[in-house]
Amino acid sequence: MIPLEDLIWVAWYSAVAAVVVAAAGLLTLHLLRGRSVATQLTVVGVATVLATVSGIVVISLMMLLNEHDVTVVLWVVSAAGIVALAVSVLLGRRLVAANRVLVEAVRADSFEPPPVRLPAELAELSRELEAARARLAAAHEREQALEASRRELVAWVSHDLRTPLAGLRAMAEALEDGVVADQETVHRYHGRMRVEVERLAALVDDLFELSRIHAGALRLSRDRVGLADLVAEAVAGAEPLAHAKGVRLHGEVAVGGPVQVDASELGRALRNLVVNAIRHTPSEGAIEISAELVAGEARVTVADACGGIPAEDLPRVFDIAFRGETARTPGGGGGLGLAIARGIIEAHSGRIGVRNAGPGCRFEVTLPTATA
Ligand SMILES: Nc1ncnc2c1ncn2[C@@H]1O[C@H](COP(=O)(O)OP(=O)(O)OP(=O)(O)O)[C@@H](O)[C@H]1O
Ligand SMILES: [Mg+2]
């Protein structure tokens with residue numbers, strides 16, 4: 001039976017020896033902190049063995065064990081130590097290998113999570129990398145779409161602005177050279193020139209608005225406006241155009257709360273929707289402009305009788321310079337109206353969408369309602 005006092009001393013000395021070994025181990029780990037995990041795990045293994053051996057040395061120095069026992073214990077501990085060391089080296093190698101698999105997966109063009117089972121931390125890293133890759137791919141896709149729309153816009157500008165300008169120049173030259181002289185033709189040329197200039201001015205104005213939206217330079221001066229007023233304004237503004245085309249316009253507001261909007265900008269967006277509806281609805285057709293409160297949001301709907309937009313065009317109608325087949329006629333619009341409408345509505349933290357419904361299509365604008 002070992003006396004308690006001796007036991008306390010054993011505990012004390014071996015603790016001191018272990019602390020010394022641990023300090024040396026920590027210092028080594030600190031110096032090797034930039035090295036491979038395998039190396040660091042080897043250091044941990046060696047430190048563990050050394051701490052145990054130092055404890056045995058302490059006991060033998062205190063003469064608590066005879067020489068035979070010390071040898072036996074040392075052998076046992078050494079064997080265990082070697083096994084522990086081998087395990088830590090193995091673990092280190094597995095970590096290094098798992099890490100290499102991950103690094104290789106990242107280096108590949110498109111990151112796929114490695115098919116092997118990774119340690120929890122590396123598996124988490126792998127998941128995060130996969131999410132980051134998805135975000136990167138989405139950003140890349142957005143950028144490509146933007147680039148495509150920019151290219152389309154440049155092509156649009158060169159075509160849609162040049163063609164009427166060439167026509168204007170030809171008419172001006174004909175007038176200047178006296179090629180057309182009879183009063184009636186001269187009058188007709190003047191009239192056509194004025195129409196072309198107005199159309200060009202409207203296009204340039206649309207382009208300017210669009211560039212302001214894209215540059216984030218749209219300054220909204222918001223006021224509290226009633227939904228009913230917005231709808232009434234849109235109907236009144238488009239009435240002459242509808243009348244000329246023989247299309248019926250009908251405005252209706254079920255429950256109209258106030259919205260906090262820039263009335264002139266939002267009016268422009270709604271006007272673009274209503275003008276489109278009139279343009280695409282045959283005479284005798286009807287257009288319904290309505291507003292209501294849905295789930296705490298204001299919703300303005302423009303429903304027409306255009307006969308539906310082709311399904312493949314639906315996701316593209318809000319793109320810059322997109323025009324449906326029927327709209328690509330001379331004198332048609334520039335394909336900017338809906339892009340502008342969406343820009344203005346999104347600047348109001350709203351959304352716009354379109355779907356085919358009934359005899360035509362429905363454009364739905366959702367806006368946050370004004371808070372008291
Ligand atoms: N109410 C509608 N009914 C049917 N098709 C529509 C309607 N509104 C838009 N479209 C389709 O979406 C396309 C894009 O509309 P958008 O208003 O952006 O351009 P646009 O009317 O052709 O020209 P702009 O508005 O610049 O004068 C149109 O060319 C048309 O094909
Ligand atoms: Mg339009």
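## Helix 8 and its surroundings

In this predicted model, the buried residues of helix 8 are covered by elements that include helix 5 (183–214), helix 7 (263–280), strand 6 and strand 7. Helix 8 itself spans residues 337–347 and lies across strand 6 and strand 7, running at about 25° to strand 7.

The helix is mostly covered, with eight of its eleven residues buried; the buried positions in helix 8 are G337, L338, A339, I340, A341, G343, I344 and I345. Just after helix 8, the backbone at S349 takes a positive phi of about 60°.

## The five-stranded sheet

The two strands that helix 8 lies across, strand 6 and strand 7, belong to an open sheet of five strands, which is arranged in the order 2-4-5-7-6 and has mixed pairing. Strand 2 (248–253) and strand 6 (351–357) each have a single partner strand and stand at the edges, so that one side of each is left without a neighbour in the sheet. On average, and with direction ignored, neighbouring strands of this sheet are turned by 15° against each other.

At the edge formed by strand 6, the pairing with strand 7 (residues 360–368) is antiparallel and extends over seven bridges; within this pairing, G353 has E364 of strand 7 as its bridge partner. Elsewhere on the sheet, helix 6 (residues 227–245) lies across strand 2, strand 4 (286–294) and strand 5 (297–303), and the direction of helix 6 is at about 175° to that of strand 2.

## Packing of helix 3 against helix 4

Helix 3 (residues 67–107) packs with helix 4 (residues 120–177) at an angle of about 5°, and their axes are 11 Å apart. Because angles under 35 degrees count as roughly parallel, helix 3 is roughly parallel to helix 4.

On the side of helix 3 the contact is made by L95, A98, N99, L102 and V106, and on the side of helix 4 by L122, L125, S126 and L129. Sorted by class, this contact of helix 3 with helix 4 comprises seven nonpolar and two polar residues, with no charged residues.

## Annotated transmembrane regions

An unreviewed UniProt entry places the feature "transmembrane region" at residues 12–32, 44–66 and 72–92. In the model, the chain over residues 44–66 is 78% helix and 0% strand, with the end C-alpha atoms 30 Å apart. Over residues 72–92 the chain is 100% helix and 0% strand, and here the end C-alpha atoms are 30 Å apart.

How values were computed
Residues are numbered from 1 along each chain as its sequence is written. Chains are lettered from A and ligands numbered from 1 in the order in which they are written. This is a predicted model: local features need pLDDT of at least 70, side-chain atom pairs count only at pLDDT 80 or more; totals for chains, interfaces and linings use all residues. Side-chain values use heavy atoms; hydrogens and water are left out. Two strands pair if DSSP finds at least two bridges between them. Helices (H or I, at least four residues) and strands (E, at least two) are DSSP runs, numbered from the N terminus. Axes are lines fitted to C-alpha atoms, for helices over the stretch in contact, and angles run from 0 to 180 degrees between N-to-C directions. Contact means heavy atoms within 4.5 Å. Buried means under 20% relative accessible area, exposed over 50%, partly exposed in between (1.4 Å probe, protein chains only). Angles under 35 degrees count as roughly parallel, over 145 as roughly antiparallel, 65 to 115 as roughly perpendicular and the rest as oblique. Ala, Val, Leu, Ile, Met, Phe, Trp, Tyr, Cys and Pro count as nonpolar, Asp, Glu, Lys and Arg as charged, and the others, Gly among them, as polar. UniProt positions are given in the numbering used here, feature names are shortened, and annotations may be inferred rather than shown by experiment.
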